[in-house]
Amino acid sequence: MAAAGVQEVKVAVRGGYSPNRIRVRAGTPVRIVFNRQESGECTSRVVFAAFGVSADLPAYTETSVQLPAMAPGEHAVACGMNMILGWSWPRRRPPLARRLPGRPARPGPRQRP
């Protein structure tokens, strides 16, 4: 987690995205730092169509892309030519009882006391 409640994820770009699936917490803005390690045309741009966000990725440098808070679910990431794909998976925060240390979680429907 980066400063001011923004999640930060690093992604290498070399013939694809690595990792090609990222998981972030839903409801919190995300900064993805792309480290482009090649000079080919295909990966010179990244597109997040669902958010109307795209960015140039200069060769052999890091570029930060800021995304708004996401709803839970899958969101596609593609190169400018829509050939190389990746995904971000925002996930919900765990229930409060599971987040508080020392406090037992309530039994779920399949758990027995």
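This report covers the aromatic pairs, the nonpolar core and the surroundings of Thr-43 in a predicted model.

Residues are numbered from 1 along each chain as its sequence is written, and side-chain values use heavy atoms, without hydrogens and water. Local features need pLDDT of at least 70 and side-chain atom pairs pLDDT 80 or more, while totals for chains, interfaces and linings use all residues.

The largest nonpolar core (buried Ala, Val, Leu, Ile, Met, Phe, Trp, Tyr and Cys residues joined through side-chain atoms within 4.5 Å) has 20 residues. Buried means under 20% relative accessible area with a 1.4 Å probe, protein chains only. Tyr-17, Ile-32, Phe-34, Val-46 and Phe-48 have the most contacts inside this core. At least two core residues come from each of the strands (DSSP runs of E, at least two residues, numbered from the N terminus) E1, E3, E4, E5, E7 and E8.

There are two aromatic pairs, counted for Phe, Tyr and Trp (six-membered ring) with centres within 6.5 Å; planes under 30 degrees apart are stacked, over 60 edge-to-face and the rest tilted. Phe-34 and Phe-48 form a tilted pair, 6.3 Å centre to centre with 55° between the planes. Phe-34 lies in E4 and Phe-48 in E5, 14 residues apart. Both are buried, and ring pairs join them with Tyr-17 in a cluster.

Thr-43, in the loop between E4 and E5, is buried at 2% relative accessible area. Its side chain makes a 3.0 Å polar contact with that of Arg-36 (N or O atoms within 3.5 Å, one able to donate a hydrogen and the other to accept it; residues adjacent in sequence count only if both atoms are side-chain atoms).

Contacts (heavy atoms within 4.5 Å) of two residues, leaving out neighbours up to four places away in sequence, are tabulated.

| Residue | Contacts |
|---|---|
| Thr-43 | Val-13, Arg-36, Glu-38, Leu-57, Cys-79, Ile-84 |
| Ile-32 | Val-9, Val-11, Ile-22, Phe-48, Thr-63, Ser-64, Val-65, Leu-67 |

Methods: Helix = DSSP H or I, 4+ residues; strand = E, 2+ residues; numbered from the N terminus. Buried < 20%, exposed > 50% of the residue type's maximum accessible area, 1.4 Å probe, protein only.
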